[in-house]
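Reader: I've got a chain open on my screen and a few bench-style questions about it. Can we go through them together?

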Amino acid sequence: MAIAEGFKNIRSGEGGPFGAVIVRDGEVIACARNKVLLMRDPTMHAEMIAIRQACEALGRFDLSDCEIYATCQPCPMCIGAIFWARISKLYYGALDSDADAIGFSDKFIYDAILADFQKQDALTIANVDREACLELFRAWENKHDKEMY
């Protein structure tokens, strides 16, 4: 199903050749394809859309009883979302080096993540208004009816 979604994108031009499916107990919960070009949104990767759909379908953000199938090794954004969703298993087809070979490189992101955070050159980073932002953290910490995620 994920591969079929990728082929739909090749035909439609809505995004890259990527698809993802989320399954729980053998039942398909979400099926998505990359829509970066259609939506003009760099976060519209197949895995991200599938996670959003699965969360909406199940009415929760914890997908720990789910598995995800992706046509390619997830990028850093998608793997982060997979971890945040607590998905228990990831199955992927093509490697990130295969994606790189056809022009979809995320190496610069990995390089930036692995570099000294403040010394990498992919993004200008500045720490500002920490004390004001820590007020938010203190308010959250003191909230008695908070739901952790």
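Reader: How many disulfides does the count come to?

Author: Quick background: this is a predicted model, where local features need pLDDT of at least 70 and side-chain atom pairs count only at pLDDT 80 or more, while totals for chains, interfaces and linings use all residues. Residues are numbered from 1 along each chain as its sequence is written, and side-chain values use heavy atoms, with hydrogens and water left out. A disulfide here is a pair of cysteine sulfur atoms within 2.5 Å. By that rule the count is zero.

Reader: Which cysteine sulfur is nearest to that of Cys31, and how far away is it?

Author: Cys31 is in no disulfide. Its relative accessible area is 24%, so it is partly exposed (buried is under 20%, exposed over 50%, partly exposed in between, with a 1.4 Å probe and protein chains only). The nearest cysteine sulfur belongs to Cys66, 14 Å away.

Reader: And Cys66, is that one buried or exposed?

Author: Its sulfur is 8.4 Å from the closest cysteine sulfur, the one in Cys55, and that's too far for a bond. As for the surface, Cys66 has 0% relative accessibility, so it counts as buried.

Reader: Where do the buried residues of helix 1 sit around its axis?

Author: Helices (H or I, at least four residues) and strands (E, at least two) are DSSP runs, numbered from the N terminus. In helix 1, residues 2-12, the buried ones are Ala2, Glu5, Gly6 and Asn9. They cover an arc of only 100° (taken from the directions from the helix axis to the C-beta atoms), so they sit on the same side of helix 1.

Reader: Which exposed residues does the face turned away carry?

Author: The buried residues of helix 1 are covered by, among others, strand 1 (19-24), strand 2 (27-33) and strand 3 (67-72), with contact meaning heavy atoms within 4.5 Å. The face turned away from that buried side carries the exposed Ile3, Ile10 and Arg11.

Reader: What is the order of the strands in the sheet, and which are the edge strands?

Author: Strands of a sheet pair through backbone hydrogen bonds, either parallel or antiparallel. Here four strands form an open sheet in the order 2-1-3-4, with mixed pairing; two strands pair if DSSP finds at least two bridges between them. Pairing on one side only makes these the edges: strand 2 and strand 4 (89-94).

Reader: What is the bridge partner of Val23?

Author: Strand 1 and strand 2 run antiparallel, joined by six bridges. Across in strand 2, the partner of Val23 is Val28.
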